[in-house]
Amino acid sequence: MSATTLAQWSNMAVYAAMFILIMALVAFAVSFAARGRRAGVTATSPQPVSVGAAGPMAKDNPEAPASAAVIDESGRRAGNIGMSLTWLATGVLLVGVVLRGIWAERVPWGNMYEFSLTMSLGILAVFLIVSLQRDVRWLGLPVVGITLLSLGLAVTVLYTEAAQLVPALKSWWLVIHVSAAVICAGAFTVSTMITLLYLWRDRAERRDVVRGMVAKLPDAQRLDTLAYRIIAFAFPLWTFAVISGAIWAENAWGRYWGWDPKETWAFITWVVYAGYLHARATAGWRGRRAAYISILGYVSLMINYFGVNLFVNSLHSYSGM
Amino acid sequence: MTQTMTGEKAAPLPPMGTGGFLRWAWRQLTSMRVALILLFLLAIASIPGSVLPQNGTDPVRVDDWIENNPTWGPLLERFGFFDVYAAPWFAAVYLLLFVSLIGCVLPRSLTHLRALRSVPPAAPRRLDRLAGFQSMTDSRSPDEVLEAASEGLRGRRWRVARGDGWVAAEKGYLRETGNLLFHVALVALLISVAYGALFGWRGNVIVRQGTGFSDTLTQYDAWGGGRLVNPDNLPPFAFTLDEFLVEFERDSSQRGAPRLFEANVTVYPSPGAESEAQTIRVNEPLVVDGAKVFLVGHGYSPVLIVRDALGRVVNDQGVVFLPQDGNFTSTGVVKAPDARPALGIQGLFLPTAAVDEIRGPHSTFPAPDDPAVFLSAWTGDLGLDSGVPQSIYRLDTANMTQLGLESLRQGQTWDLPEGIGSVEFAGIERWASFQIAHDPGKEPALISAMLALGGLMLSLFVRRRRVWVRVSPSETGDTVVHVAGLMRSDDADLQPDVTELVDILTEGRPVSR
């Protein structure tokens with residue numbers, strides 16, 4: 001197979017994965033809406049009668065709306081279809097990323113296009129790994145949505161033909177440092193989606209209006225814990241990514257830390273997520289405030305990715321654009 | 001700075017008196033809330049340095065910025081915004097943060113040391129409302145059950161305490177150990193960075209192909225060292241740049257992007273030592289005598305043979321031209337004060353020459369496919385005797401008169417007007433620029449960072465938990481066994497531990513629950 005064909009196959013796989021993801025997105029949306037409607041019926045009707053039989057039960061047992069939703073067959077089936085399609089899309093995207101790597105004869109994260117592809121794969125992988133341990137069909141819609149956004153940006157705005165690397169990138173550290181960063185980006189994306197859902201759900205719980213689509217989410221406490229666990233996994237990995245980047249920088253540029261904009265924003269991201277971990281252990285900062293901090297951490301991660309690569313004069317400007 | 005500092009109340013007003021105030025200030029500083037605020041201040045304080053140009057990385061852009069912003073430029077400069085990471089206010093934030101960290105970690109270390117030597121507290125009276133509660137009956141006597149429980153738990157590395165009718169066990173002390181290790185390692189990291197800054201040095205030098213460099217202060221184009229470095233005592237190595245290889249992308253959308261840099265050098269590790277041939281690449285610095293030599297840039301030095309009015313050769317060497325863009329449109333200067341009359345030449349070197357109306361002469365590809373020089377010759381006072389230090393890359397033409405302009409291809413000669421002399425573009429050489437650095441803090445910094453990472457992982461992944469067994473004789477003569485646990489880190493599931501305990505108690509025997 002000629003090199004050009006490989007590149008074309010890679011592109012086709014990426015487009016196919018996007019197409020499958022769009023179908024998954026629809027399935028998750030149907031599941032969300034269907035289960036939401038159903039849960040809405042059960043949750044709203046007793047509301048006027050505040051001491052009604054279903055009212056306290058729904059409140060005392062936060063599992064109730066979710067388990068009620070699980071009974072809903074149409075939402076359940078759509079959610080399962082969404083999960084299956086996500087697995088399929090992830091496989092196809094993996095093929096696309098691997099083909100790109102074979103074509104370029106190096107790891108497939110040499111420019112922003114490839115990094116976005118691999119990061120999308122990372123987001124999906126983290127989501128699917130979490131899904132092996134618990135039912136996260138409620139998370140499908142935002143996760144697949146943001147993955148599609150990332151892939152869409154990749155194929156439209158960020159696409160580059162770039163084949164080879166500049167000498168500064170030819171290093172084993174490219175494999176180690178960037179793959180750690182990619183996995184972190186995927187994990188932080190998933191945790192941020194969960195945190196946004198947590199804020200939504202938490203607000204509903206505080207106002208005591210858990211009905212409609214928000215009722216199909218797990219209770220706020222569980223969302224918070226799940227987001228925390230993913231961040232607790234990603235934070236040491238991010239620390240490692242920063243350390244390995246410093247080792248590489250020492251070898252390539254003669255200093256391990258030079259406050260290059262990329263390094264600075266990696267540091268800011270690290271500090272903000274460190275703040276999140278501390279906030280979670282501090283009275284008065286748990287819950288919503290900690291959640292806002294973790295979203296700030298994600299914002300700084302995105303500034304580092306888009307802002308520094310595209311708009312700032314940095315040693316790390318590898319976008320290939 | 002660390003976890004489980006719960007139950008903090010809103011800060012009370014500071015008490016009267018110096019001692020009281022200091023105690024109050026110290027409590028405030030070491031509180032988690034203030035630590036959090038300092039963390040955010042640190043994040044925010046870091047931002048300007050990524051937006052504004054910094055003296056440490058790009059002093060030229062700093063000057064441009066100040067020039068273009070006459071109102072804000074000087075003001076920001078005064079408050080250190082072009083040197084953010086060396087600014088007093090930035091240092092104040094991180095130093096306060098570290099003081100807060102130490103103030104938090106020290107008492108916690110003492111608490112933890114005590115905890116490590118103490119036994120787990122007694123089991124609660126009733127276990128049935130606790131996490132993972134299970135009740136079983138056992139045919140053994142209560143003492144036998146407790147014995148089996150404590151033996152089994154000890155064997156699985158639980159810390160066990162036994163009392164009247166109960167066994168309490170705790171595990172996961174490594175969580176707090178890791179937490180403390182992480183924070184102590186951060187302090188060590190800061191000290192390593194400071195140590196490197198005090199005792200380290202770095203310099204930049206441009207070496208033309210075929211020439212050499214020896215590590216003394218005068219040979220550097222730029223050199224900076226920490227406060228405690230003796231610049232007269234640099235490691236006495238030397239090297240010559242024998243050959244510099246470079247390749248550029250010729251196809252694809254990234255045409256002109258570098259694909260290979262390689263400097264072949266002969267290294268003399270110390271005076272009189274055997275020389276050895278080495279190759280320096282990007283990502284592959286040369287390590288010699290405690291210093292590292294990095295390849296950081298390269299460019300062209302056109303050989304311009306300059307003769308004066310008497311026909312004497314006043315320059316016959318390659319002249320270092322500095323690249324101005326990615327295609328190596330380069331500028332440089334020849335100063336010939338000994339020529340009669342004194343001559344100065346400004347030049348533009350184009351490895352692949354092109355001329356258009358908008359950009360004037362410029363290069364379209366970084367490799368020397370079609371090289372040309374565009375020269376401007378001057379005569380008069382070069383200003384070298386004025387005592388003001390001059391850049392060797394700039395010609396001060398204030399007291400000079402222009403003789404003319406000419407462009408030359410390789411091998412061509414320009415006879416200056418009125419028989420004042422000539423310039424011959426005889427050939428092209430390359431130069432490479434090296435950064436030579438010595439940072440004695442980097443190994444301790446790496447070790448500290450790895451310890452911090454290890455401690456961080458322990459503090460996030462190890463779960464601190466307790467399990468209890470309570471026994472009481474039942475009416476039937478069997479023993480009623482209650483087990484339950486408590487997760488002391490709020491993010492995890494206790495069930496595996498209780499299951500482990502139940503397995504210990506029921507090992508090899510039928511269970512009745």
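Trainee: Is Glu418(B) buried or exposed?

Mentor: This is a predicted model, and the labels rest on computed relative accessible area. A residue is called exposed over 50% and buried under 20%. Glu418(B) has 75% relative accessibility, so it counts as exposed. Its place is the loop between strand S20 (413–415) and strand S21 (422–438) of chain B.

Trainee: What is notable about the backbone of Glu418(B)?

Mentor: The sign of phi. Glu418(B) is not a glycine, yet its phi is positive, about 60 degrees. Chain A has a case to read alongside it: Asp208(A), also not a glycine, has a positive phi of about 60 degrees. Asp208(A) sits in the loop between helix H7 (172–206) and H8 of chain A. With 36% relative accessibility, Asp208(A) counts as partly exposed.

Trainee: Which peptide bond is cis?

Mentor: Omega is the angle to read here. The bond from Arg340(B) to Pro341(B) is cis, with omega near -5 degrees. Pro341(B) belongs to the loop between strand S14 (330–336) and strand S15 (343–350) of chain B.

Trainee: How should I read the make-up of each chain?

Mentor: Start with the secondary structure, then turn to burial. Chain A has 10 helices and 0 strands, and its pattern along the sequence is α-α-α-α-α-α-α-α-α-α. Of its 321 residues, 60% count as buried. Chain B has 9 helices and 23 strands. Its radius of gyration is 36 Å, well over the 24 Å that the globule rule gives for 513 residues, so chain B is more spread out than a compact globule. The C-alpha trace of chain B spans about 125 × 60 × 50 Å along its principal axes. Buried residues account for 46% of the 513 residues in chain B.

Trainee: How many salt bridges does the structure hold over all chains?

Mentor: There are 29 over all chains. The criterion is a side-chain nitrogen of Lys or Arg within 4 Å of a carboxyl oxygen of Asp or Glu. For each pair, read the distance, then the burial of both partners. Glu114(A) and Arg106(A) form one such bridge, at 2.8 Å from N to O, and both residues are buried.

Trainee: How exposed are the partners of the bridge between Arg126(B) and Asp128(B)?

Mentor: That pair meets at 2.7 Å, N to O. Arg126(B) has 59% relative accessibility and counts as exposed. Asp128(B), at 32%, counts as partly exposed.

Trainee: Why does the pair Lys442(B) and Glu250(A) join two chains?

Mentor: Their side chains meet in a salt bridge at 4.0 Å, N to O. Lys442(B) lies in helix H8 (residues 442–461) of chain B and Glu250(A) in helix H8 (residues 220–253) of chain A, so the pair joins two chains. Lys442(B) counts as buried because its relative accessibility is 17%. Glu250(A), at 10% relative accessibility, counts as buried as well. The pair also belongs to a network of salt bridges that links Glu250(A), Lys292(B), Lys442(B) and Glu443(B).

Trainee: Which residues form the negative surface patch?

Mentor: A patch is read by its members, then by the elements they come from. The negative patch is formed by Asp63(B), Asp64(B), Glu67(B) and Glu77(B). Helix H3 (residues 59–68) of chain B gives the largest share of the patch, 3 residues. Asp63(B) is in that helix, H3 of chain B. Patch members need over 30% relative accessible area. Asp63(B) has 47% and is partly exposed.

Trainee: What makes up the nonpolar surface patch of about 350 Å²?

Mentor: Its residues are Tyr195(B), Leu198(B), Phe199(B) and Leu228(B). Leu228(B) is placed in the loop between strand S6 (222–225) and strand S7 (238–248) of chain B.

Trainee: How do I read a contact across the sequence, such as Thr476(B) and Ser139(B)?

Mentor: Set the separation along the chain against the separation in space. Thr476(B) and Ser139(B) are 337 residues apart along the chain, while their C-alpha atoms are separated by 9.7 Å. Thr476(B) lies in the loop between strand S22 (465–473) and strand S23 (479–487) of chain B. Its relative accessibility is 67%, so Thr476(B) counts as exposed.

Definitions and conventions:
Residues are numbered from 1 along each chain as its sequence is written. Chains are lettered from A and ligands numbered from 1 in the order in which they are written. This is a predicted model: local features need pLDDT of at least 70, side-chain atom pairs count only at pLDDT 80 or more; totals for chains, interfaces and linings use all residues. Side-chain values use heavy atoms; hydrogens and water are left out. Patches are made of residues with over 30% relative accessible area and no salt bridge: like charges are joined within 9 Å, nonpolar side chains (Val, Leu, Ile, Met, Phe, Trp, Tyr) within 5 Å. Accessible areas come from the Shrake-Rupley method with a 1.4 Å probe; for residues, only the protein chains shown count as cover. Lys and Arg count as positive and Asp and Glu as negative; His and the chain ends are not counted. The place of a charge is taken as NZ of Lys, CZ of Arg, CG of Asp or CD of Glu. Helices (H or I, at least four residues) and strands (E, at least two) are DSSP runs, numbered from the N terminus. Buried means under 20% relative accessible area, exposed over 50%, partly exposed in between (1.4 Å probe, protein chains only). The radius of gyration is taken over C-alpha atoms; the globule rule is 2.2 Å times the number of residues to the power 0.38.
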